[in-house]
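Dear colleague,

Please find below the structure that I am handing over to you. My notes on it follow directly after.

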Amino acid sequence: MSNMPAAPRLSLFRKYFLALFAAVVVPLLFAGSVEAWFGYRDQRTSLNDILDAEARAAAAKIQDFIEGIRDQLGWAVLLSWSDSADEKRRLDAFLVLRQVPAIQSLSLIDAAGRERLFLSRIGLNRVESGDDQSGNPAVAGARSHRAWFGPVTFQRGSEPFMTIAVAGNRPTAGVAVAEVNLKFIWDVIAAIRVGRTGEAFVLDQPGRLVAHPDISLVLRADETAAGPLRDLRASILAQPGEAIAGRDLTGGRVLAAMAPIAGVDWTVVVKQPIVEAFGPIYAALWRTVALLVAGAGLAAVLAYWLTQRMVEPIVLLEDGVTRIGAGHFEHRIHLATGDEFERLATRFNEMASELAISQERSERISRLKRFLAPQVAELVERTGDEHLLDGRRLEVVVLFCDLRGFTAFSARAEPETVIGMLGEYYTVLEKVVSAHGATLTNFSGDGAMVLFNAPFSCSDPAMRALEMAHDMQVGVHKLLAGQRELDHRLGFGVGLAMGLATVGRIGSEGRLDYTAIGNVVNLASRLCSTARDFEILCDRAAADAIGSRLPLVELKAQVLKGFDQPVPVHSLVVTEKA
C-alpha cells in the first residue's frame, strides 16, 4: 500500500467524500424543497381565500355606499306631486343634500316629466322650472327599473361623477335625479387594508379609475396611467377564482383578486405586495436554509470519517481490477476486512477465474476457425466434442453453387468492383446457409460448397437442401437485380446430390478443412456446372427422398464428366425471381 501513487488515493477520497456528503445533503434538500413547495401551495391557497374575501368585502362596502345614496333619494319621492309648489318636499330635498355630501345636485321630476325642483351645491337652485325631462335617460331608466345608475363621467377632466335616478313606488311620486361626486368613495377605499400595505381600487366597465387610495390618480383622469391596473384586472378575468400575480402602477409585483359591484358594473380589485403576501413562506425558507447549513456541516464531518475508512480497501480493489483488466487473470485480491469489501474481493477473484476460462475458450475457437467454417467451430466448441470432426462415413447432401458469367465479368470489371460484388454475394449465401442450419465448408472464387447432415445429423436433409437452394436463388437474384448496370449476363446455378461420403478434417498441420470426399461430391459439383442461370439440379437419390413434396421436373439423363453412364437429373421449379 505504501508504494501506491498518491493521485488515485486523493481522487478516491474526493469521490467518496462527495458521495457520502451528497447522501445526507440531497435528502435534506429534497425534504426542504418539498416542505417549501407545500408551504407555498398552502400559503397560495390561503392568499386566494383571503384576497377573495377582502375583494368581496370591499365590493360590499362600496355597494353599501351607493345603495345608501339610492335609499336617501327614495325618501324624496315618497309623496305624490300637487299642482302647486310643495314647501315640504323642498325641505326634504335640502335634508337629502345635507345627509349625503356626495350629492352635488338634485332634481325632482313629477309624473309628467317636468322638473319641479332643482337644488345644487355649486349652482343656482330652480323651483317649478317646468323643464321637460321625460326624454332624459336617467328618468326613463328609473321609471323602467325603479333605480338607474349612469356611467362614470369626469367633469372638467378631473372629478368623477355618476348620475343616480330613483323612481317612487307610485307613478305620481315622480323621479329623483342626483349627480353624485364619486371622490367621496375615497373614504371607503382608503379604509380598506389588505395585510399591512395592501390596498384596493375601483375600475368602471371601460377600465377607468373610479376610486383609489391615492385620490390624485383619480382626479388626473389619466387613462394611460391606469393601464397597468386594467392589465391586472384583465389577468384576473382570464383566470377567475384565483389570485393573480402582476404589477401595479409603480411596477412592483403584487398579488391581486377582484369582485364585481352589483348594479353599477364596476370592479373592485384588492392587491397586496408579493413580498408581504409570501412573507411567511420566505421566513420558512430561511429556517429551512439554516437547517440545511447545519445538516451539511454534520454531513461533511461524517463523510470525512467514513471516507477515510473506505479508501484503503477501495484502492486495493482498484489495483486488483486494473491488473485483471490488463489480462493478468492469475492475479488474486487478498482482502480480510470481514465485510462487503472482502466479499467483493472474492467476487473479483471468481470473475478472474471465469475470464481465464473464457479466454481459453476464445483461443480454442480461434484455433478451430483456422481450419473450420465459423459455424462448425462454434458447434464443436459448444458441444465440447472434437471427435465430431474425425473422419466418418455418412449419408450427406452436398450442394454446390456458383455464379454464371462471373469469369468474363471479373476480366472486364475493376478489381474494387469485383471484390465489393463478391462480398455482398458471400453475405447473401452465409445468411441463407445459417437460416437453414447447414454447414458452409468453404468459398472458392464465386462458388461455395455446403453440407447437410454433417458434422451434426439433421432430419430430412434432402428437403432442407432443396429449400435452401430455392432461397439461395431468390436471394442471389435479388442481389444481381441491383447489379444489372455492371453486367446483365451474370446468373446463378445450383447443383446438389445425396449419398454416402467420407467427411472429416483434411489437410496439413498448418491448414485443416472440414469437408466431404466421395462420388456424391463429384456428382453435386458436375450438376452445379451443368445448371443454367436460375436452375436447381439434383440427382435421383435426392429426388426420391423429396417425392411429391416439392415441384420437381425430371429432365433428360445427362452425360457428366467422370461418370460412365448418363445420370438421371431432376430440376426444382423456382416460384419466385427477383
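Tyr425, Tyr426, Phe443 and Phe492 come together in one aromatic cluster. The model in which this cluster appears is a predicted one. Within the cluster, Tyr425 and Tyr426 are both buried. In total, the structure contains 4 aromatic pairs. One of them is formed by Phe406 and Phe409, whose ring centres are 5.9 Å apart with the planes at 45 degrees, so this pair counts as tilted. Phe406 and Phe409 both belong to helix H11 (residues 406-412), where they are 3 residues apart, about one turn of the helix. In general, an α-helix has 3.6 residues a turn, so residues three or four places apart point the same way. Phe406 and Phe409 are both buried. The rings of Tyr425 and Tyr426 also make a tilted pair, because their planes stand at 40 degrees, with 5.8 Å between the ring centres.

A further aromatic ring is accompanied by a charged residue. Arg126 is placed over the face of Phe118, at 4.0 Å from the ring centre.

I turn next to helix H14. The helix covers residues 519-530, and its 12 residues should span 16 Å at 1.5 Å a residue; the end C-alpha atoms are 17 Å apart, which agrees with that expectation. Which residues of H14 are buried? They are Val520, Val521, Leu523, Ala524, Leu527 and Cys528. These buried residues lie on the same side of H14, because the arc that they cover around the axis is only 165 degrees. Their packing partners are all strands: E12 (392-404), E14 (447-452), E15 (491-507), E16 (512-517), E17 (535-539) and E19 (567-572).

The last site that I would bring to your attention is Asp248. Where is Asp248 placed? The residue sits in the loop between strand E9 (244-247) and strand E10 (253-261). Asp248 is buried, because its relative accessible area is 11%, under the cut-off of 20%. The side chain of Asp248 has a polar contact with the side chain of Thr250, at 2.8 Å. A polar atom of the Asp248 side chain also lies 3.0 Å from the backbone nitrogen of Gly252. Leaving aside residues up to four places away in sequence, Asp248 touches Pro228, Val254 and Lys271.

With kind regards

How values were computed:
Residues numbered from 1 in each chain as written. Predicted model: local features only at pLDDT ≥ 70, side-chain atom pairs only at ≥ 80, totals over all residues. Heavy atoms only, no water. Helix = DSSP H or I, 4+ residues; strand = E, 2+ residues; numbered from the N terminus. Buried < 20%, exposed > 50% of the residue type's maximum accessible area, 1.4 Å probe, protein only. Polar contact = N/O pair within 3.5 Å; in protein donor to acceptor, adjacent residues only side chain to side chain. Contact = heavy atoms within 4.5 Å. Expected span 1.5 Å × (residues − 1). Arc of directions from axis to C-beta. Phe/Tyr/Trp six-rings, centres within 6.5 Å; stacked < 30°, edge-to-face > 60°. Lys NZ or Arg CZ within 6 Å of the ring centre and 35° of its normal.
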